[in-house]
Amino acid sequence: MDPQRDKQDPADIAKIIKLADGLYVRQAIDNLTWIDMGDYAIAIDALEETHLAGEVFEAIESTIGDKPVKYLINTHMHYDHVALNAAFVDRYGSQIVNVETCEIPADGKWFEGANRRVQLLHTPGCHTQEDCCIWLPDDDVLCVGDIFGWGLIPLIRNLTDETADILTGTYQRLIEFNARVVVGGHGPMLDTPMLARWVEYFNWLGGEVSRLVAGGAQDEQIFAELGPPDNMAAWWRFVAWKHEDTLTKVIKAVRRGKLTQFA
Ligand SMILES: [Zn+2]
């Protein structure tokens, strides 16, 4: 691995990014977003490390003051998104909001404030069954949790025709928001064209792998022919390992006859 690339990893050092007045992200390997609604605030996702509680609360206070974080939303229930749940409850009495703690209507659950509105949507099946996305229509910002994986296939289930359809269908739905900024669960900020680029990449791999497997190609040949696309080379950790992981999964699914739609 290229040590220079590691040194330049944009997620190594946490930084506070202002997306709009009263809307901030602590960007690191695990991202945490907070939103000033007016009389109260909402936070999204709660990191992996409990020792970061003090630093996070200080960052929130230094940007939006001491308003109570009334709701803490978990985009899903993985350990690296929920570690500070208890700390938020202790500090602010926050209500923890996720698919296990509340009912999310099919057309979303709205949070209203003097400053802005926030819509919580249940978008299951791309990463986990608990996946939620958060849409901020007044800011054109969409938080997608781990549905976006910087080139990775986000599924924790196996790749099949059925899960591939859920993935691309959900991506289509997210692309239609046409968000200015998309906040993923991990790493740098992204945008709507990157969501579309991932779908294009996935379809390209599906088609090419199906063609090569049908022609009798061995895995080594497939890896040699299908290198990481140049226009995704700058994606966070993509060339280092994500492309290889994704290609491996597509090859496996095609060889097992689970992914037939690209043939
Ligand atoms: Zn996750």
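What span should the 18 residues of H7 have at 1.5 Å a residue? The answer is 26 Å, and because the end C-alpha atoms of H7 are 24 Å apart, the model agrees. The expected span is 1.5 Å times one less than the number of residues, and helices here are DSSP runs of H or I with at least four residues, strands being runs of E with at least two, numbered from the N terminus.

Before we go on, note that this is a predicted model, in which local features need pLDDT of at least 70, side-chain atom pairs count only at pLDDT 80 or more, and totals for chains, interfaces and linings use all residues. Residues are numbered from 1 along each chain as its sequence is written.

Let's stay with H7. Its buried residues (20 or more other C-beta atoms within 10 Å of their own, with C-beta atoms placed from the backbone) include Phe238, His243 and Leu247. The buried residues cover an arc of only 165 degrees around the axis, so they lie on the same side of H7; the arc is taken from the directions from the helix axis to the C-beta atoms. On the other side, Trp241 and Arg255 are exposed, meaning 12 or fewer such atoms.

H7 (residues 238–255) also gives six residues, the largest share, to the largest nonpolar core. That core has 65 residues; a nonpolar core is a set of buried Ala, Val, Leu, Ile, Met, Phe, Trp, Tyr and Cys residues joined through C-beta atoms within 7 Å. Ile42, Ile134 and Leu142 have the most contacts inside this core.
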